[in-house]
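Me: I'm new to this one and would like to know what stands behind the labels people use. Could you show it to me and then take my questions?

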Amino acid sequence: MSMPGLYVSPEQLMQDRADYARKGIARGRSLVTLEYLGGIALVAENASATLRKVSEIYDRIAFGGVGRYIEFDQLRIAGVRHAELKGYQYSRSDVEARSLANQYAQMLGQFFTHELKPLEVEIVVVEVGIGGEPNQIYRIQYDGTVMDEEAYCCIGGDAEAVRERVAAGYSPGLDAIEAIRLACAALAGPEREIAAPDLEVAVLESIVPDPTHRRRCFRRLDDAEVQAALSRDAALDDAAKRPQRRPTQHALAEEES
């Protein structure tokens, strides 16, 4: 005897898939992308030394992902292949983050709509501007929704709270070290600290210091560089909080003279 089929409305089916994808993404650590004076910083909480959340896609384009590693790493590989093929067939200047973000949106939308299980990922695609061009930051969600972000972007399980902390401390004139510090503080929150080995940090620099690699703007920071950046800012904070010594009578006399 055959069992009667169970009807599920399209609205309920889409809602169930969205809930499933959001739960998977929520289990992952957050990632912060923010502009600074001279480039874009990508900072993620990641204790692994080999499984990368942030990677280079092309000359001026970088990729960040949260959620299931195997799934967003497959998207990264697909993006590299797409960029390399387009750059080879046309020119390197034709490879841009906007078209790549649209490709990712189509892939994620296809999985979300037609496959049994959606991808449990959320990704960001960024491109640094050269010669006065504006930076580009695109956030692509699990269902293929693309959002054009300005100045900064947060993805991951605790993205809303992290975004609020970034917004409270962000200003357009930040340098690279200030941007890294702000991202680290936003990821950690007020109740904990994140050590340098537990951070994955990379930058897209609009001015490439090495003339032999003029095309490539992506640079990954090692633990020593991240620790140096955080330690320098911590030292500045300690100096600001340290009480100032009152001038002696001898010093006041010298100032008056």
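**Sheets, helices and their labels**

Reply: Let's start with α2, which lies across β3, β4 (61-67) and β5 (121-127) and runs at about 20° to β3. Keep in mind that this is a predicted model.

Me: What makes α2 roughly parallel or roughly antiparallel to β3?

Reply: The angle decides. Angles under 35 degrees count as roughly parallel, and α2 runs at about 20° to β3, so the two are roughly parallel.

Me: Which sheet do those strands belong to, and in what order do its strands come?

Reply: That's an open sheet of 5 strands, ordered β3-β4-β5-β6-β7, with antiparallel pairing. Its edge strands are β3 (54-58) and β7 (146-149). On average, neighbouring strands here are turned by 25° against each other, direction ignored.

Me: What makes β3 and β7 edge strands?

Reply: Each of them pairs on one side only.

Me: How do you know that β6 and β7 count as a pair?

Reply: Count the bridges. A pair needs at least two, and 4 bridges join β6 (residues 136-140) to β7, so they pair. In this match-up, Y138 stands opposite D148 of β7.

Me: Why is α2 called oblique to α3?

Reply: The axes of α2 (residues 69-89) and α3 (residues 97-114) cross at roughly 135° and come within 11 Å. That angle is what makes α2 oblique to α3: roughly antiparallel would take over 145, and roughly perpendicular covers 65 to 115. As for handedness, α2 passes α3 in a right-handed crossing.

Me: What kinds of residues make the contact of α2 with α3?

Reply: They divide into 6 nonpolar, 4 polar and 2 charged. Among them are L75, R76 and K86 of α2, along with Y104 and M107 of α3.

Me: And the other sheet: in what order do its strands come?

Reply: It's also an open sheet of 5 strands, in the order β8-β1-β2-β9-β10, and the pairing is antiparallel. The edges are β8 (152-155) and β10 (218-221), and the twist averages 15° from one strand to the next.

Me: How do you know that β2 and β9 pair?

Reply: Same test: at least two bridges are needed, and 7 join β2 (residues 39-45) to β9 (residues 199-205), so they pair. One example is A41, whose bridge partner in β9 is V203.

Me: What would you call the direction of α4 against β8?

Reply: Roughly antiparallel. Helix α4 (residues 159-169) lies across β1 (31-36) and β8 and runs at about 155° to β8, and the label applies over 145.

How values were computed. Residues are numbered from 1 along each chain as its sequence is written. This is a predicted model: local features need pLDDT of at least 70, side-chain atom pairs count only at pLDDT 80 or more; totals for chains, interfaces and linings use all residues. Side-chain values use heavy atoms; hydrogens and water are left out. Axes are lines fitted to C-alpha atoms, for helices over the stretch in contact, and angles run from 0 to 180 degrees between N-to-C directions. Contact means heavy atoms within 4.5 Å. A crossing is left-handed if the near helix is turned anticlockwise from the far one by less than a right angle, and right-handed if clockwise. Ala, Val, Leu, Ile, Met, Phe, Trp, Tyr, Cys and Pro count as nonpolar, Asp, Glu, Lys and Arg as charged, and the others, Gly among them, as polar.
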